[in-house]
Amino acid sequence: MILGIESTAHTFGIALLEKKKFLCNLKSVYTTEKGGIIPIEAAKHHEAIKEKLLREALKKAKINLEDIKCIAYSHGPGLAPCLLQGLDLAKKIASKLKVPLVPVNHCIAHLEIGSTTGAKDPVLLYVSGANTQVIAYAEGKYRVFGETLDIGIGNFIDSFARYVGIGFPAGPKIEELAKKSKNFVMLPYTVKGMDVAFSGLLTNLKQKYDSGNYALEDLAFSLQEVAFAMLIEVAERAMAHLDKKELLLGGGVACNRRLQEMAKIMCKERKAKCFIPKAEFLVDNAAMIAWLGQKMFEAGIQVKANKADINPYERTDEVEVIWKS
Ligand code: ATP
Ligand code: FE2
């Protein structure tokens, strides 16, 4: 029985995994009506709800705390005050039960949860709040083949939404607005080799909004068309170069139906398969932390409670992927 704890940013999550079966996957999300995420406020939210969420999880899974044999927690990357809340709970339970901890990389967890879909050797398009990367596994590491040169796609969408007075997280609201339009407005498209950039697009969208000459629906629609086309272009190029026949989507922005549709069309055209995990596994969640934690634990990775730490800046390609070999 593995307990998974997620706390990198806005979401505090608790999951319980027994063998390959999830007994529960609970979360509590810090949200705002206006404005973005304030790290200290998010951490306070986590602190206030974590014990209660743990009790709920045990009840839902119908187990006792003592049944837990190992605790997987998010080690990074993320906001330090938030990561510390997860670490604190993980250490507390580990010391009490005298069980080991497994430090899990949050980004790799977003990718590894993709194995629940049946994907074997995919190119991964990882699109979340802070991250936008095209990744594939090669020789012991997840290698980053392309990424954003400035902000993550989710933060880009949330920033534009915040500018026009929509709260956080804004992705689903922008998606709803976009459905109301088919009126395409020209926007800057920035792909450089295998990389993408969104800040020019963001500035341009803000200017168009301020001019008062454009309907918000039309801007939301065009934002999606342009930003997602950029993502699909780099994902396709990576598939062609690496000669891979599978695409896997991961991260919260992959919940977007239009992005999913574009990914499926691209895959169909090149006779590849497109894999999309369930929405509860796309956004931040503790199930993915428990899932990867279990693989790492079985490969012999563990730390003692007094040695456990966090790494807010841990990169995807820093982690030695010994559980796959
Ligand atoms: P990271 O994984 O980089 O640390 P994160 O933890 O903030 O980032 P996730 O929870 O994976 O990321 O994703 C959150 C992001 O997903 C937010 O920016 C949110 O606006 C976006 N998002 C959620 N649903 C949708 C949607 N339907 N369309 C577009 N974006 C969406
Ligand atoms: Fe995430």
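**Ligand 1 and two backbone features in a predicted model**

Modeller: In this predicted model, the shell around ligand 1 draws at least two residues from each of helix H3 (106-112), helix H4 (153-163) and helix H5 (171-179), and H5 gives the largest share, 3 residues.

Biologist: What makes a residue one of the 23 that surround ligand 1?

Modeller: A residue is included if one of its heavy atoms lies within 4 Å of the molecule, and among the 23 residues that surround ligand 1 the closest are Ser-128, Asn-131, Asp-158, Glu-175 and Asp-284. Sorted by class, the shell holds 9 nonpolar, 11 polar and 3 charged residues.

Biologist: Why is ligand 1 said to lie between domain 1 and domain 2?

Modeller: Residues of the shell come both from domain 1 (2-110 + 284-324) and from domain 2 (117-280), and therefore ligand 1 lies between them.

Biologist: What makes the pair formed by His-110 and ligand 1 a polar contact?

Modeller: The cut-off for a pair of N or O atoms is 3.5 Å, and a polar side-chain atom of His-110 lies 3.4 Å from an oxygen atom of ligand 1, so this pair counts as a polar contact. The same cut-off of 3.5 Å admits a polar backbone atom of Gly-171, 3.0 Å from an oxygen atom of the ligand, and an N or O atom in the side chain of Asp-284, for which the distance to a ligand oxygen is 2.3 Å. Taken alone, ligand 1 exposes 650 Å², of which the protein buries 93%.

Biologist: How do you know that ligand 1 sits in the largest pocket?

Modeller: A molecule is assigned to a pocket if more than half of its atoms lie within 2 Å of the pocket's grid points, and by that criterion ligand 1 sits in the largest pocket.

Biologist: Turning to the backbone, why are the bond from Gly-76 to Pro-77 and the phi of Lys-19 singled out?

Modeller: Most peptide bonds are trans, and most residues other than glycine have a negative phi. The peptide bond from Gly-76 to Pro-77, however, is cis, with omega near -5°, and Pro-77 is in the loop between strand S4 (70-76) and helix H2 (80-97). Lys-19 is not a glycine, yet has a positive phi of about 55°, and is found in the loop between strand S2 (11-18) and strand S3 (21-29).

Conventions: Residues are numbered from 1 along each chain as its sequence is written. Chains are lettered from A and ligands numbered from 1 in the order in which they are written. This is a predicted model: local features need pLDDT of at least 70, side-chain atom pairs count only at pLDDT 80 or more; totals for chains, interfaces and linings use all residues. Side-chain values use heavy atoms; hydrogens and water are left out. A polar contact is a pair of N or O atoms within 3.5 Å; within protein, one must be able to donate a hydrogen and the other to accept it, and residues adjacent in sequence count only if both atoms are side-chain atoms. Accessible areas come from the Shrake-Rupley method with a 1.4 Å probe; for residues, only the protein chains shown count as cover. On a 1 Å grid over the protein atoms alone, a cavity is a set of points where a 1.4 Å probe fits but cannot get out, and a pocket is an open set with protein on both sides within 12 Å along at least five of seven lines; lining residues have an atom within 4 Å of a point. Helices (H or I, at least four residues) and strands (E, at least two) are DSSP runs, numbered from the N terminus. Ala, Val, Leu, Ile, Met, Phe, Trp, Tyr, Cys and Pro count as nonpolar, Asp, Glu, Lys and Arg as charged, and the others, Gly among them, as polar. Domain bounds come from an automatic or database domain assignment.
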